[in-house]
Amino acid sequence: MKQYSVTGMSCAACSARVEKAVSAVEGVESCAVNLLTNSMNVEGTATEEAVISAVIEAGYGASPKNETQNKPKKEQGSIKDTATPLLKKRLWTSVGFLVVLMYLSMGHTMWGFPLPSVMAKNPMIIGLCQMLLAGIVMIINQKFFINGTKGLLHRAPNMDTLVALGSFASFGYSVYALFAMSNAQMAGDHALAMTYLHDLYFESAAMILTLITVGKMLEARAKGKTTSALEGLMKLAPKTATLLRDGKEVTVSIDEVRKGDVFLVRPGEQIPVDGIVLEGQSAVNESALTGESIPVDKEAGASVSSGTMNESGVLKCEATRVGEDTTLSQIIRMVSDASATKAPIAKIADKVSGVFVPTVLGIALITLVVWLIVGETFGFAIARAISVLVISCPCALGLATPVAIMVGTGMGAKNGILFKTAASLEEAGKVSIVALDKTGTITEGNPTVTGIYPAEGMDEAALLSLAAALEKNSEHPLAKAIRRKAEEDGVSVSEVTDFAILPGHGLTAKIGGSTVFGGNLNFVQTKAHVSEKMKKQAVTLAEEGKTPLFFVKDGALCGIIAVADIIKSDSVEAIKALREMGIRVVMLTGDNERTANAIGKEVGVDEVIAGVLPDGKEAVIRDLQKQGKVAMVGDGINDAPALTRADIGIAIGAGTDIAIDAADVVLVKSRLSDVPAAIKLSRKTLRNIRENLFWAFIYNIIGIPLAAGVWYPLWGLKLNPMFGAAAMSLSSFCVVSNALRLNFVQIRGAKHKNQNQSEENKMEKTMKIKGMMCGHCEARVKKCLDELPGVAEAIVSHKKNSAVVKLSEDVSDETLKQTVEAQGYTVISIK
């Protein structure tokens, strides 16, 4: 996809014209023009020269956006609001001359305001002064006439054409009336000359231009605010970095940092580029990228991201991603690209915009002719036609969608939710089913060993040593858990040969001449006899949400090692939020059905699909799509086909680059609660777009007939051209202001919103609990406490054997104790 900057566009008719012209170029597969950002995205094989030539032939200017324009430092200037100051200067200059003009035309003529006697006695002098003042205002606002004339010459009339025609028609008719006044005065008919003085519309010609400029200035200011989120991200981009070169500290421009450079970050400084911590410990505030205000502890081996703030210790890091490859640059590019694309709902406005201006010109001409036919004066008829021209506003239609998309994507970026395209922002709110991958999405993706159950004749250490040797060459998360446990316990691990992975089943290898197998019950039963006692043990473990792994050596069962993944602290809350939004939640996992159902029940999903092999997720998504729009949430390489197949693919930010590339939405923070937040933001944005389109359409549907004088014969209603211009100028401003309301939308639940607020009014109790062995125990205790009325939050740790319960209202110790002990644990004390 190639991006271009387009100049000279003033309304939706302009963007529609450019889009149509470029789409006709040979080799162009798709073209999307954004009126808000004055940008154009073109896909296909067409050359830059051909695309730019098509834009120029359509009456506009274009230039390719080069790579440097996408860099934060450069781009900061590209979105700076330069239009508002120029429009403000134009406006105040116009107002200065307009005030004098209004004094002459309305103050004196209608309300008898005093004038020098030489002027008061000679209407011709008053008329000439009005013409001169109106001409000056027209010269100040000549841009309307230049752009409007260009549009007519290229047979692509636009909003400027309507404004220019309305103003010029008022001025032209007034000049005709001035000549008639001159003839009457020369003939000595002073009364007729004064009558013609009242027929002058010079003030309308000037007022139309001034009021439209007011609207343009308000619109430009509001549009400037819609890019505030993107501008805020760009301001985060550090300008310099402190590198270590030959043992000395050297401060260099950020552009000079290369991959592999070692840099220092002191407290209070921003991380200049993405990197890995080599030395030091600190807390880093990542709220700018993730929306999470709590600082994250960093030590040797931890990753750091550009634009985040170092708060405490000194960090020595190695640069891993620089320039456009940093996380911050990718976020900026993603938000910018999303704003430049077009949402499907915008097609309605595009179709109307393409014929809007020619239709309005036709209505204005018909209005003029009809009123003349029915016997009204030419002055009355031209006033109605001018009103039609100046009240019609294609701008409101053109801005209805892009301003909401810009604010919506910016709002998402502030909260660590990145929508890649406008279409993904629109479609996310329409999903009715959310499929969640279990490992790494619902759970932490970092399993731990929760129990070792050796068979007769085998001790725990021997079983763990055997299992760790077999799992030594495996990259599966469960294998890593067993190896970590062996390392913690200081168990020796033998070398293996003939190692082989049996996908979806288990592993096999040879250890010192003995053949060893490891895997699930069904697989192991084909290799050795499993006693009923061991089978019952496996069932019990599975019902607790743990995965039982069986190990066999030379045809004899050695025992079971139970491994469990810790459920993320916000998974239960996030799934509950999705269900409350009317969304069906489905969990996909490769676990056996009993284990999967136990975890599914614990987190509260609607449906569990167990035994799904890595290559089977895409087929499951295809089946789910028969029931409605599906969003797939995943983080691994094996999730990529399913993410692509789903209507909306949502990638957890801590996942693989392949999963992120395949997704439509990226969650910067690995936080499942961002999924309902993303869907809620999408729904709010879509609703805002519909409101904007409604008001843009209804404004024109009501305004044009009123301006044409349709209701004049019935109720005497008619519209002065000046009021029509005022209405036109405010219509776009209202649409943009409505879109800005999205900045105040709360996309998270009350619990999440309040988690970082002062908790002075909350009581806090600390419970000592016996019997918690793993993350699943922790999650179970947390869930039962969180569900108690009056409990704001429960922070549970199986390592500390404690639960810190924060209360919004008083809850008795007995209630807390009974709730926890009902889950099979023992409460030792409550303080």
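**Tour: Asn310, then the six-stranded sheet**

Select Asn310: its relative accessibility is 0%, so Asn310 counts as buried (under 20% relative accessible area, with over 50% being exposed and partly exposed in between; 1.4 Å probe, protein chains only). The model is predicted: local features need pLDDT of at least 70, side-chain atom pairs count only at pLDDT 80 or more, and totals for chains, interfaces and linings use all residues. Numbering runs from 1 along each chain as its sequence is written, and side-chain values use heavy atoms, without hydrogens and water.

Asn310 sits in strand β12 (residues 309-310). Strands (E, at least two residues) and helices (H or I, at least four) are DSSP runs, numbered from the N terminus.

Add Ser282. Its side chain makes a polar contact with the side chain of Asn310 at 2.3 Å (N or O atoms within 3.5 Å; within protein, one must be able to donate a hydrogen and the other to accept it, and residues adjacent in sequence count only through side-chain atoms on both sides).

Next, the sheet. Six strands form an open, antiparallel sheet in the order β16-β21-β20-β19-β18-β17; pairing requires at least two DSSP bridges. Its edge strands are β16 (448-454) and β17 (497-502), each pairing on one side only.

Select β19 (residues 514-519) and β20 (residues 547-553): they pair in the antiparallel sense over 4 bridges. Val516 stands opposite Lys553 in β20.

Finish with helix α23 (residues 532-543). The helix packs on the sheet, touching β16, β20 and β21 (contact: heavy atoms within 4.5 Å). Its direction makes about 10° with that of β21; axes are lines fitted to C-alpha atoms, for helices over the stretch in contact, and angles run from 0 to 180 degrees between N-to-C directions.
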